[in-house]
Amino acid sequence: PQEMLDNILAFPGLEFSWQPYEDLCLQQFVDSINRFRSAEDVDQLAQPFDVLAFLQSRGLVHADFLLALCQWSLRGVHRPNVLSERRPTAKQLVLLYDHCCEWNVESTPALQDALQYYVESAGGQWPVK
């Protein structure tokens with residue numbers, strides 16, 4: 001999916017392109033994203049929240065992607081808060097919650113647990129004893 005997105009984002013910079021091909025690539029990308037079910041699926045993306053913004057800008061957000069992103073976020077907030085780990089920020093979690101509210105999936109346990117753990121751990125910055 002990441003390679004497809006990279007290609008789709010490169011289309012505007014091409015000197016020559018064919019619109020039916022671009023549309024087909026976008027449709028294939030969206031179909032693959034909508035089949036995401038777990039955190040491991042979302043891990044295929046370099047920047048999951050950038051993909052969410054891309055989908056939102058084109059009106060292509062789907063509840064299945066949001067649920068998978070909730071799973072990824074839950075796993076991410078339990079990772080150490082270091083630069084070598086990919087984890088959601090507070091702003092990204094709020095954005096995800098807003099999208100989930102729009103799709104009526106805000107009560108999913110993964111999202112609720114991710115938000116709760118993020119708040120309890122002060123964004124992953126446990127106090128030093």
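# Exercises on a seven-helix chain

The structure holds zero disulfides, a disulfide being a pair of cysteine sulfur atoms within 2.5 Å. The model is predicted, so local features need pLDDT of at least 70 and side-chain atom pairs count only at pLDDT 80 or more, while totals for chains, interfaces and linings use all residues. Residues are numbered from 1 along each chain as its sequence is written, and side-chain values use heavy atoms, with hydrogens and water left out.

## Exercise 1: the whole chain

Task: Describe the secondary structure, the extent and the surface of the chain.

Solution.
- Step 1. The chain has seven helices and zero strands. Helices (H or I, at least four residues) and strands (E, at least two) are DSSP runs, numbered from the N terminus. The pattern along the sequence reads α-α-α-α-α-α-α.
- Step 2. Along the principal axes, the C-alpha atoms occupy a box of roughly 60 × 30 × 20 Å.
- Step 3. Of the 129 residues, 37% are buried. Buried means under 20% relative accessible area, exposed over 50%, and partly exposed in between (1.4 Å probe, protein chains only).
- Step 4. The accessible surface is about 7,800 Å², and carbon and sulfur atoms hold 55% of this area. Accessible areas come from the Shrake-Rupley method with a 1.4 Å probe; for residues, only the protein chains shown count as cover.
- Step 5. Among contacts with a separation of 6 or more, 62% join residues 24 or more positions apart. Contact means heavy atoms within 4.5 Å.

## Exercise 2: the cysteines

Task: Explain why C70 and C100 are not bonded to each other.

Solution.
- Step 1. Find the cysteine sulfur closest to that of C70: this sulfur belongs to C100.
- Step 2. Take the distance, which is 3.6 Å. The two sulfurs are therefore too far apart for a bond.
- Step 3. Check the surroundings of C70: its relative accessibility is 0%, so C70 counts as buried.
- Step 4. Turn to C25, which is also a buried residue, at 17%.

## Exercise 3: Q2

Task: Locate Q2 and list what surrounds this residue.

Solution.
- Step 1. Q2 belongs to helix 1, which covers residues 2-10.
- Step 2. The relative accessible area of Q2 is 18%, so Q2 is buried.
- Step 3. Leaving out residues up to four places away in sequence, Q2 touches Q44, L45, A46 and Q47.
- Step 4. For A46, the backbone nitrogen is 2.8 Å from a polar atom of the Q2 side chain.

## Exercise 4: two residues of helix 6

Task: State for H99 and Y97 whether each is buried or partly exposed, and name their contacts.

Solution.
- Step 1. H99 is in helix 6, and Y97 lies in helix 6 as well.
- Step 2. With a relative accessible area of 3%, H99 is buried. Y97 is partly exposed, at 32%.
- Step 3. Beyond residues up to four places away in sequence, H99 touches L52, Q56 and L66. The side chains of H99 and Q56 make a polar contact at 3.4 Å. A polar contact is a pair of N or O atoms within 3.5 Å; within protein, one must be able to donate a hydrogen and the other to accept it, and residues adjacent in sequence count only if both atoms are side-chain atoms.
- Step 4. Y97 is in contact with E106, L111, Q112 and L115, neighbours within four places in sequence left aside. The C-alpha atoms of Y97 and Q56 are 14 Å apart, with their positions 41 residues apart in sequence.

## Exercise 5: loops and helix 5

Task: Place N104, P12 and L74 in the chain and describe each.

Solution.
- Step 1. N104 sits in the loop between helix 6 (90-102) and helix 7 (109-120). N104 is exposed, with a relative accessible area of 63%. Its phi is positive, about 60°, although N104 is not a glycine.
- Step 2. P12 is in the loop between helix 1 and helix 2 (19-34). P12 counts as exposed at 71% relative accessibility.
- Step 3. L74 is part of helix 5 (residues 63-77). Neighbours within four places in sequence aside, L74 is in contact with A110, D113 and A114. L74 and D113 are 39 residues apart along the chain, and their C-alpha atoms are separated by 6.7 Å.
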